[in-house]
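Let's take a walk through this structure together, one piece at a time. Keep the 3D view open while you read.

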Amino acid sequence: MDRAETAGRIAALLEPFNKKGIALTDNTTFAGDLEWDSLTVMDFVAAIEDEFDIIISMNQQAEIETYGQLIDAVIKLKG
Amino acid sequence: MTQIAETAQPAADTTDTGGAYVDLFSKFDGLIEQRRALLSTGITDPFNLVMEKVVSPTVAICNGRETILLGTYNYMGMTFDPDVIAAGKLALDEFGSGTTGSRVLNGTYAGHRAVEDALREFYDMDHAMVFSTGYQANLGVISTMAGKGDYIVLDIDSHASIWDGCKMGDAEVVPFKHNDIDAMEKRLRRIPAGAGKLVVLEGVYSMLGDIAPLKEMIAVAKAHGAMVLVDEAHSMGFIGPNGRGVAEDQGVLDQVDFVIGTFSKSVGTVGGFCVSNHPKFEILRLVCRPYVFTASLPPSVVHTAATSIRKLMHAGDKRAHLWANSRTLHAGLIALGFKLGTETPQSAIISVIMPDLERGAMMWEALLHEGLYVNLARPPATPAGMTLLRCSLCAEHSADQVQTIIGMFERAGKAVGIIG
């Protein structure tokens, strides 16, 4: 999968959850920069899973702390 | 990014601290400060109440005052049943105060077998395995059954013991939105072919007192080849024609592979269990670490539990009275203008939603001064960051007591400004 295209689709899904309008870089963290709580994480993960038709288990989520890591994980999960 | 990560992260300090002392408790500073601020208002600590004397399943003495209990899990009021008490006393005399050993070594007495027999009869299932607590039953069964490469699909509002069972095992953990059948189906559909699948559900969710659409969810789980575990902790003895729980009530108990339950609610003592018809079930006794590596329940506990479970098989009148209590309290609180966790009474739990923790604590204290004990529940135990006053009814609450309770809620709610 093309990384830029994947990043674009993820950014579009992320926008409604980005309440403070934080500028996204590969190093933007979900817990720290975006200040998401567990419910926000669940809703966002569900949106990503539905968009790409993948499962991101909680075990995998634990390894994903940044926007960049998420893009790479999605590409890997799509195969 | 996960719930787990979120709760355990002080900012990582990457500077070289050499041999400097790091206080491992600094991660709790936020909670300590929140608690200090709350108690500095002079409010009674809602998490430090002592029952000085317990008069009956529905009344205790707290702070010297007679208090109606509306925040216990004593749904069927079995804690002072004369037959149950007598069984416990006899067991103390005949078998002593404790077993001092594991179920698989010296810790299985006649009473442990007797209570497992009672459970098999109660649920009409082939196998029953008793743990020292309900928490350990979930911890043990889930972590042992679902291993590396398997998938656990579970409701996001699952009890802490279910989450901890997931965390202790090696399976991939996939949560879905509370009671959302489509969300569950999507996740099951995406699991790689050939992987083992366990769907974990609860009959009654204890925070809001709502029930699961088990009939529909179990049908979806089975269509995807998953095994199904249902925690019926808050429904045993009360929901379903024989008190077997929500799955029985919805006519799908025969589709449930594993029922998890507890003795610390309707049964009226302490302990946990799993019942199943799985032909290989008994092997769990050798491989399930929270079963093996802990002491078994004391003889008095298993004898009280066995007696209580057998009486619950014939408790139709008590079940009917408890339902009447639940309906009366639910309607009464709605009429007063309180916001409740469910639109209809679905279980013996009625949750009153508070605007925030501070006013929740004020309301809790006002009710205590009225002579009523309820549970104050707050995050992380509650869903969506809610503060709840959780009321749980008992089959031994009289109709008069329920009316008294409604009057107490009215006075306290007006005094605190929760209702107009």
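Before we start, one idea: two residues are in contact if their C-beta atoms, placed from the backbone, lie within 7 Å. Also keep in mind that what you see is a predicted model.

With that idea in hand, pick out I142(B). Leaving aside residues up to four places away in sequence, I142(B) touches I152(B), I162(B), G165(B), C166(B), G169(B), V200(B) and L229(B). What is I142(B) part of? I142(B) belongs to the largest nonpolar core, a set of 125 residues, and is among those with the most contacts inside it, along with V141(B), I152(B) and V153(B). Domain 1 and domain 2 of chain B both contribute residues to this core, so it lies between them. There's a broader pattern to know here: in soluble globular proteins, nonpolar side chains tend to be buried together. Apart from the big core there is another one, made of six residues, including I10(A), Y67(A), I71(A) and V74(A).

Now let's look at those two domains. Domain 1 of chain B is made of two stretches, 41-76 and 316-416, while domain 2 covers 82-312. Their centres, taken over C-alpha atoms, are 27 Å apart. Where they meet, domain 1 of chain B puts in 20 residues and domain 2 of chain B puts in 20 residues. On the domain 1 side, the elements that supply two or more residues are α13 (316-336), β13 (349-354) and β16 (387-392) of chain B. Which element gives the most to that side? That's β13(B), with three residues. Sorted by class, the domain 1 side holds 11 nonpolar, seven polar and two charged residues.

Over to chain A. How many helices and strands does it have? Chain A has four helices and zero strands, so to speak a plain α-α-α-α run from the N terminus on. Its radius of gyration is 11 Å, close to the 12 Å that the globule rule gives for 79 residues, so chain A is as compact as a globular protein of that length. If you turn chain A around, its C-alpha trace spans about 30 × 25 × 20 Å along its principal axes. Buried residues make up 23% of the 79 residues in chain A. Of the contacts in chain A with a separation of 6 or more, 59% are between residues 24 or more positions apart.

Next, see how the two chains meet. Chain B brings 18 residues to the contact and chain A brings 18 residues. On the chain B side, α1 (3-7), β6 (172-176) and α7 (181-190) each give two or more residues. That side divides into 10 nonpolar, two polar and six charged residues.

Let's finish with two backbone oddities. Most residues other than glycine have a negative phi. D124(B) goes the other way: it is not a glycine, yet its phi is positive, about 55 degrees. You'll find D124(B) in the loop between α4 (110-123) and β4 (127-131) of chain B. N179(B) also has a positive phi, near 55 degrees, without being a glycine, and sits in the loop between β6 and α7 of chain B. Are these two buried or partly exposed? D124(B) is partly exposed, because 13 other C-beta atoms lie within 10 Å. N179(B) is buried, because 20 other C-beta atoms lie within 10 Å, and 20 or more is what counts as buried.

Definitions and conventions:
Residues numbered from 1 in each chain as written. Chains lettered and ligands numbered in written order. Predicted model: local features only at pLDDT ≥ 70, side-chain atom pairs only at ≥ 80, totals over all residues. Nonpolar A, V, L, I, M, F, W, Y, C, P; charged D, E, K, R; others polar. Core = buried A, V, L, I, M, F, W, Y, C linked by C-beta atoms within 7 Å. Buried ≥ 20, exposed ≤ 12 C-beta atoms within 10 Å, placed from the backbone. Domains from an automatic or database assignment. Rg over C-alpha atoms; globule rule 2.2 N^0.38 Å.
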